[in-house]
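Here is a brief report on a two-chain complex. Please read it beside the sequence and the coordinates.

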Amino acid sequence: MSATADAALRQIAVDVLEQMAFVFVDDAEAPFDELLGGAAASAALTVEGAASEELTVSATEGLVREVASGMTGCEPEEVDVSTFARAVVAELANVFGGEWALQRSGGGARGKVGLPRELTIDEAADRAVRAAEAGAVLALESELGAVVVTLAAA
Amino acid sequence: MDYRILIVDDSPLLRATARRAALQAGADAARIREAGDGADALARLREEPSDIVLLDINMPVMDGYEFVEHKAKDPSLADVRVALVTTESNPERLARMSELGVTHCLRKPFQPEELRELVQTLFAGC
């Protein structure tokens, strides 16, 4: 994937987390495979446009707490991670995917985003390795946690 | 406020977010209900109507499009106001929803106060 596309995907993730959940992220210091080992949940979905792509989102418990707290108004320590981990990664995949589809269609909004599906950590790691070779992998960290986003041809 | 609101989204995170927005807009907690898909939403509305529906599109079992199509054909649901809360941006699909009676659309990503403002607007129109 081009550097321009990488940067666009990164900006989508940064903007969505800030806008929807008041979570501020920056490039992670740890490598993505290390972060994936500590992920609380992972989700994937397909983005159909000019090409069919698969986007995955994996988040650590800390980021789950931050996102759920920012959106629902509860304190991070009050977040039920067993309930919200899958919901957070699924919704982030959904919104990132929608924004990616919109950008890839040049604003013409002809893309379509599939339903998120749960991934095991091993499945997410496999996709990250493949995306690192021929796609995009983002590893972003927040105050309490981290998120890994991958994008590759479906 | 006495308005009844049904939140329709397969995401427990979005349902909790919308619940918070409804409460901040003045809704009575006892008058807020939730559904996880369009079929569940139709069943709940036919048991007991709501004044407002906040509706996701991308859901399993029955998506938001199909829900709106079914609702439009049911005279008992004619007074229910529907607002989309969605990642959808396709103008043709959104225009079709508008033709079928959807009155508002809030596109994700949104800031939490935008959702509260949407609910307040919907309440004002009831």
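## Two residues of chain A

Leu55(A) sits in strand S3 of chain A. Helices (H or I, at least four residues) and strands (E, at least two) are DSSP runs, numbered from the N terminus. The model is predicted: local features need pLDDT of at least 70, side-chain atom pairs count only at pLDDT 80 or more, and totals for chains, interfaces and linings use all residues. Residues are numbered from 1 along each chain as its sequence is written, while chains are lettered from A and ligands numbered from 1 in the order in which they are written.

Leu55(A) counts as buried because it has 29 C-beta neighbours inside 10 Å. The cut-offs are these: buried means 20 or more other C-beta atoms within 10 Å of the residue's own, exposed means 12 or fewer, and partly exposed lies in between, with C-beta atoms placed from the backbone. Leaving out residues up to four places away in sequence, Leu55(A) touches Ala44(A), Leu45(A), Val47(A), Ala93(A), Phe96(A), Gly97(A), Trp100(A) and Leu151(A). A contact requires C-beta atoms, placed from the backbone, within 7 Å. Leu55(A) and Ala3(A) are 52 residues apart in sequence and 17 Å apart in space, C-alpha to C-alpha.

Glu61(A) belongs to helix H3 of chain A. With 18 C-beta neighbours inside 10 Å, Glu61(A) counts as partly exposed. Residues up to four places away aside, Glu61(A) touches Ala40(A), Val81(A) and Gly145(A). The C-alpha atoms of Glu61(A) and Ala40(A) are 5.3 Å apart, with a sequence separation of 21 residues.

## Strand S2 of chain A

Strand S2 (residues 39-48) of chain A is mostly covered, with 8 of its 10 residues buried. Two strands pair if DSSP finds at least two bridges between them. The pairings of S2(A) are listed here.

| Partner of S2(A) | Sense | Bridges | Opposed residues |
|---|---|---|---|
| S3(A), residues 52-60 | antiparallel | 9 bridges | Ser42(A) and Ser58(A) |
| S5(A), residues 117-119 | antiparallel | 3 bridges | Ala43(A) and Glu118(A) |
| S4(A), residues 112-113 | antiparallel | 2 bridges | Val47(A) and Val113(A) |

S2(A) and S3(A) also form a hairpin, with 3 residues between them.

## Helix H1 of chain A

How far apart are the end C-alpha atoms of helix H1 (residues 3-21) of chain A? They are 27 Å apart, which agrees with the 27 Å expected for 19 residues at 1.5 Å a residue. The expected span is 1.5 Å times one less than the number of residues.

The buried residues of H1(A) are Leu9(A), Ile12(A), Ala13(A), Val16(A), Leu17(A), Met20(A) and Ala21(A). Seen down the axis of H1(A), they fall within an arc of 115 degrees, so they line one face of the helix. That arc is taken from the directions from the helix axis to the C-beta atoms. The buried residues pack against helix H3 (61-72), helix H4 (81-104), strand S6 (135-141) and strand S7 (146-153) of chain A. The face turned away from the buried side carries the exposed residues Ala3(A), Thr4(A), Ala7(A) and Gln11(A). Phe22(A) follows H1(A) and has a positive phi, near 60 degrees.

## The sheet of chain B

In chain B, 5 strands form an open sheet in the order S2-S1-S3-S4-S5, with parallel pairing. Strand S2 (32-35) and strand S5 (104-107) of chain B stand at the edges with a single partner strand each, so one side of each is left without a neighbour in the sheet. The twist averages 20 degrees from one strand to the next. Angles run from 0 to 180 degrees between N-to-C directions, and axes are lines fitted to C-alpha atoms, for helices over the stretch in contact.

Strand S1 (residues 5-8) and strand S3 (residues 52-55) of chain B pair in the parallel sense over 4 bridges. Val8(B) stands opposite Leu55(B) in S3(B). Helix H2 (residues 38-47) of chain B lies across S1, S2 and S3 of chain B, at about 165 degrees to S1(B). Helix H3 (residues 64-72) of chain B packs on the sheet, touching S3 and strand S4 (81-86) of chain B, and its direction makes about 170 degrees with that of S4(B).

## Interface and confidence

Contacts link 21 residues of chain A with 18 residues of chain B. On the chain A side, H1, H3 and H4 of chain A are the elements that give two or more residues. H4(A) gives the most, with 10 residues. The predictor gives the complex an ipTM of 0.91 and a pTM of 0.94. Chain B has a mean pLDDT of 94, and 100% of its residues reach 70 or more. pLDDT is the predictor's confidence in each residue, from 0 to 100.

Conventions: Contact = placed C-beta atoms within 7 Å.
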